[in-house]
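Visitor: I have a structure to look through today. Could you walk me around it?

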Amino acid sequence: MTSGGQRSLHQAAVAQFQRAADLIDLEPRYREILSYPKNEIIVNFPVTLDDGSMKVFTGYRIQHNNILGPYKGGLRFHPKVDLDEVRALAAWMTFKTALGGIPFGGAKGGLTINPGDYSIDEMRRIVRRFTHALGSNIGPDHDIPAPDMGTSAETMDWVMDTYANISPPGFRQSVKGVVTGKSIACGGSVGREEATGRGVLYSLRHWCGEHDARLDDLSISVQGFGNVGGHFADLAAQAGCRIKAVADHTGTIVNTDGIDIPKLRRHVDETGGVAGFDMADKVDTEDLFRIETDVFVPAALENQLTLERAKVLSARVVVEAANGPTTREADEHLFANGVDVVPDILANSGGVIVSYFEWLQNKSARAWSFDDVDSRLRELMWVAHDRVVHALRRYDCTRRDAAYIVALDRIIDVYDRRGIFP
Ligand code: NAD
């Protein structure tokens with residue numbers, strides 16, 4: 001518990017998998033193993049800033065589990081990043097990759113930093129020095145970072161280039177797969193940038209199929225208009241959904257007739273946020289949760305959907321594009337009131353699935369077409385959703401519990417066969 005008696009984020013993440021573990025009567029030794037990260041790497045490194053001064057930054061890389069394959073997970077650059085948050089995010093990655101049926105484990109990294117406070121040149125030096133400090137703790141067959149909040153394809157290009165430069169000359173061309181989410185020019189995959197948002201839409205499509213609902217009948221509110229929320233909103237609007245409300249760190253806007261997403265995109269690109277968009281009304285932060293919509297998509301930070309906010313939510317379904325957006329109390333309230341929650345480890349797995357495709361392309365020095373990427377993404381997400389629905393029926397539990405049961409099945413099967421060293 002934290003000093004205020006609250007569960008820490010990592011404790012909340014452990015509690016989520018333990019609920020599923022209870023349902024399948026998981027052996028204590030596996031509960032124990034999965035409750036801890038395997039490795040916790042903390043690096044402090046100095047960087048010279050543009051004004052000639054020097055600042056020491058603290059970076060994290062938490063490697064939670066690699067029984068299914070190399071550690072895999074994003075790098076988050078945000079002022080609130082701390083060890084506890086990165087531990088939780090790393091654990092979620094282990095269950096997400098297992099559920100997605102891809103041969104990766106789980107990890108996460110981050111820097112406690114507001115990227116907006118630094119120039120591009122400073123950010124390039126910070127990222128390069130962070131990569132150097134991580135050194136052989138990452139690698140294309142060992143631990144493969146990717147973008148998350150505050151990082152982008154540009155960040156990944158810098159990580160890859162730095163890693164290549166500190167590798168022996170004979171290996172420099174074969175280490176592109178040390179990170180995924182790179183620009184296409186540097187070895188990235190078509191479809192990776194929007195893959196998480198696209199996967200969130202596929203999750204909603206699957207839910208519609210289960211509930212005999214039509215995508216183009218749905219109204220949606222979205223919290224977060226960055227990589228995930230922005231692409232999701234765009235694709236959902238193209239599919240005929242009415243996006244009634246969008247919130248980001250600059251404010252919340254509402255247009256009950258539907259927000260023109262391409263125009264909002266241009267406004268955000270020019271001004272840096274949704275505030276001031278003149279084709280929608282500005283409302284208070286809490287109004288985002290009160291507005292009447294069929295679907296709520298949190299695509300920003302953790303713990304945004306609290307009990308108080310869940311109580312006023314009108315949505316029939318919450319599709320968790322962000323990691324850990326719903327508190328345990330809110331989750332219980334939503335379940336008790338018949339509001340479905342498509343959990344993060346399922347709903348936002350499109351990004352890591354296409355990261356896997358990027359890694360395969362790097363290994364084989366080939367580039368897939370968009371149709372190849374998209375059809376395989378859809379197939380893997382469909383299989384994961386179908387398995388979750390099957391577990392849901394079998395165990396009569398929440399969709400989150402069902403998703404963890406599917407992930408645990410896969411992890412435990414491999415532990416049972418491999419045994420625990422020595
Ligand atoms: P991003 O940095 O591109 O965008 C974050 C968005 O959240 C921005 O629009 C920002 O303004 C908004 N935001 C920040 N604080 C807010 C607040 N207090 N209220 C409302 N909005 C706020 O980040 P992203 O990559 O889109 O990641 C968003 C979430 O999705 C995170 O939880 C991340 O872990 C998760 N996720 C990302 C990926 C990926 O491929 N990028 C994959 C899986 C999960």
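**Ligand and cores**

Visitor: Which residue offers a polar backbone atom 2.9 Å from an oxygen atom of the ligand?

Guide: Happy to help! This is a predicted model, where local features need pLDDT of at least 70, side-chain atom pairs count only at pLDDT 80 or more, and totals for chains, interfaces and linings use all residues. Residues are numbered from 1 along each chain as its sequence is written, and side-chain values use heavy atoms, leaving out hydrogens and water. A polar contact is a pair of N or O atoms within 3.5 Å, and the residue with the backbone atom at 2.9 Å from a ligand oxygen is N227.

Visitor: How much of the ligand's accessible area does the protein cover?

Guide: Accessible areas come from the Shrake-Rupley method with a 1.4 Å probe. On its own, the ligand has 830 Å² of such area, and the share covered by the protein is 84%.

Visitor: How far from a ligand oxygen is the polar side-chain atom of T196?

Guide: T196 is among the residues that come nearest to the ligand, out of 22 around it (a heavy atom within 4 Å). The distance from its polar side-chain atom to a ligand oxygen is 2.8 Å.

Visitor: Which helix gives the most to the largest nonpolar core?

Guide: Such a core joins buried (under 20% relative accessible area, 1.4 Å probe, protein chains only) Ala, Val, Leu, Ile, Met, Phe, Trp, Tyr and Cys residues through side-chain atoms within 4.5 Å. The largest has 69 residues, and L204, I220 and L264 touch the most other members. Helices are DSSP runs (H or I, at least four residues), numbered from the N terminus. With ten residues, spanning positions 399-418, the top contributor is helix α15.

Definitions and conventions:
Buried means under 20% relative accessible area, exposed over 50%, partly exposed in between (1.4 Å probe, protein chains only). Helices (H or I, at least four residues) and strands (E, at least two) are DSSP runs, numbered from the N terminus. A polar contact is a pair of N or O atoms within 3.5 Å; within protein, one must be able to donate a hydrogen and the other to accept it, and residues adjacent in sequence count only if both atoms are side-chain atoms.
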